[in-house]
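Have the model open in your viewer and keep the sequence close by. We'll take a walk through it together, one stop at a time.

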Amino acid sequence: MANQDRVSEEDLRRLCEFLYRRTGLILGEAKRYFIERRAADRIAATRAADFASYFTRLRGDVDGEIEQLINAFTVNETYFYREDHQLRCLTTDLLRERVRQRNRREPIRIWSVPCSTGEEPYSIAIWLLENWPEVDAYEIEIVGSDIDTHVLEAARLGDYGKRALMRLSPQLIERYFVVPAPERWRILDDLRQSVQFTTVNVVDPAQTRPHGQFDIIFCRNVLIYFDDASRRHAAENLYENLMPGGFICLGHSESMSRISPLFSVRRFADAIVYQRPQGEKG
């Protein structure tokens, strides 16, 4: 790291506070090396003379630097069919309950947030095609959203390496991917076009509300990066984005019961999920 790229304790505190206000992400002392590396990368990329110059540029959002910084600090580790027990729960239990309460002419809406580079929303689409006998009887709308605009560009492209596909059988890969280059696999065009991608910050209601209400939300492995206040804000926003009786699936280490009293706990054979109580007005 060059001397001009080094940041002081106070600089780090200001940067972390700035990120928290914008995203709800908590970056503590344990992640100091990660923070320093990302900050140095952005200082170098913008050719700022030092941190003070960079921070002035950031606060002024020169050339969209706020978006670039958020992109640099988001975590995007994922792969197809991750935590597939929740996908089994989706087709075995969750959709069965939802369609009982719905008119067949109404679309089934599923939200993957954050969606990273698209593995989760495409996994949902593939899983439904493979495992839900009623898939052709309903209009299904799958939306993938993330705060990181770089990963959304990758998601729309739908181009992946071997590691992302490690949980998929050769038969599924052959059925839903083409091979545009050696060691690369791209989602079929029809499947890519069936998933809509949008930008969203889950702690900002001005960004979540326009997405409307969903039957099922997958919000996995993001709340662990927030502090208690940001988790509550995110939970309240997601609650508003659920239809009454709708379900939300969290990551295996996350529990909505410790965040918000708004949701009911539902225990199914394959997964524990959380539900917006029935009978409430949407």
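What follows is a tour of helices, aromatic rings and a few loop residues. One thing to keep in mind throughout: this is a predicted model.

Let's start with helix α6, which runs over residues 119-131. With 13 residues at 1.5 Å a residue, α6 should span 18 Å, and its end C-alpha atoms are 17 Å apart, so expectation and model agree. Is this helix mostly covered or mostly exposed? It's mostly covered, with 10 of the 13 residues of α6 buried. Among them are Glu119, Glu120 and Pro121, along with Tyr122 and Trp127. The buried set also includes Ser123, Ile124, Ala125, Ile126 and Leu128.

Step off α6 and you come to the loop between α6 and β2 (140-146), where proline 133 has its place. Here the picture changes: proline 133 has a relative accessible area of 78%, and since anything over 50% counts as exposed, exposed is what we call it. Proline 133 is also a long way from phenylalanine 18: 115 residues separate the two in sequence, and their C-alpha atoms are 48 Å apart in space.

Now for the helix pair. Helix α1 (residues 9-23) and helix α3 (residues 51-59) have axes that come within 11 Å and cross at roughly 15°. Angles under 35 degrees count as roughly parallel, and α1 and α3 are therefore roughly parallel to each other. The crossing of α1 past α3 is left-handed. While you're in this part of the sequence, look for an aromatic cluster made of Phe18, Phe51 and Phe55.

That brings us to the aromatic rings in general. How many aromatic pairs does the structure hold? There are 11 of them. Take tryptophan 111 and phenylalanine 214: the ring centres are 4.8 Å apart and the planes sit at 15°, so this pair is stacked. Tryptophan 111 belongs to strand β1 (residues 108-112) and phenylalanine 214 to strand β7 (residues 214-218), so the pair ties together parts that are 103 residues apart in sequence. Tryptophan 111 and phenylalanine 214 are both buried. The rings of tryptophan 132 and tyrosine 138 are another case, with centres 5.7 Å apart and planes at 20°, so they count as stacked too. Tryptophan 132 and tyrosine 138 are buried as well.

Phenylalanine 214 has one more partner worth a look. Arginine 109 lies over the face of the phenylalanine 214 ring, at 4.0 Å from the ring centre. You can find a similar arrangement with arginine 276, which lies over the face of tyrosine 239 at 4.4 Å from the ring centre.

Next, the backbone. The peptide bond running from valine 113 to proline 114 is cis, and its omega is near 0°. Proline 114 sits in the loop between β1 and α6.

Two residues other than glycine have a positive phi here, so let's take them in turn. Glutamate 183 has a phi of about 65°, and its place is the loop between β4 (177-181) and β5 (184-187). With a relative accessibility of 47%, glutamate 183 counts as partly exposed. Asparagine 221 has a phi near 65° and lies in the loop between β7 and α11 (228-240). Asparagine 221 is buried, though, at a relative accessible area of 17%, because the cut-off for buried is under 20%.

We'll finish with two more loop residues. Glycine 24 is in the loop between α1 and α2 (32-46), and at 2% relative accessibility it counts as buried. Where does the chain bring glycine 24 relative to valine 202? The two are 178 residues apart in sequence, yet their C-alpha atoms are 8.8 Å apart in space. Asparagine 201 is found in the loop between β6 (195-199) and α10 (205-208). Asparagine 201 is also buried, with a relative accessible area of 6%. From asparagine 201 to phenylalanine 268 is 67 residues along the chain, and the C-alpha atoms of those two residues are separated by 30 Å.

Methods: Residues numbered from 1 in each chain as written. Predicted model: local features only at pLDDT ≥ 70, side-chain atom pairs only at ≥ 80, totals over all residues. Heavy atoms only, no water. Helix = DSSP H or I, 4+ residues; strand = E, 2+ residues; numbered from the N terminus. Expected span 1.5 Å × (residues − 1). Buried < 20%, exposed > 50% of the residue type's maximum accessible area, 1.4 Å probe, protein only. Phe/Tyr/Trp six-rings, centres within 6.5 Å; stacked < 30°, edge-to-face > 60°. Lys NZ or Arg CZ within 6 Å of the ring centre and 35° of its normal. Axes fitted to C-alpha atoms, helices over the stretch in contact; angles between N-to-C directions. Parallel < 35°, antiparallel > 145°, perpendicular 65-115°, else oblique. Left-handed = near helix turned anticlockwise from the far one by under 90°.
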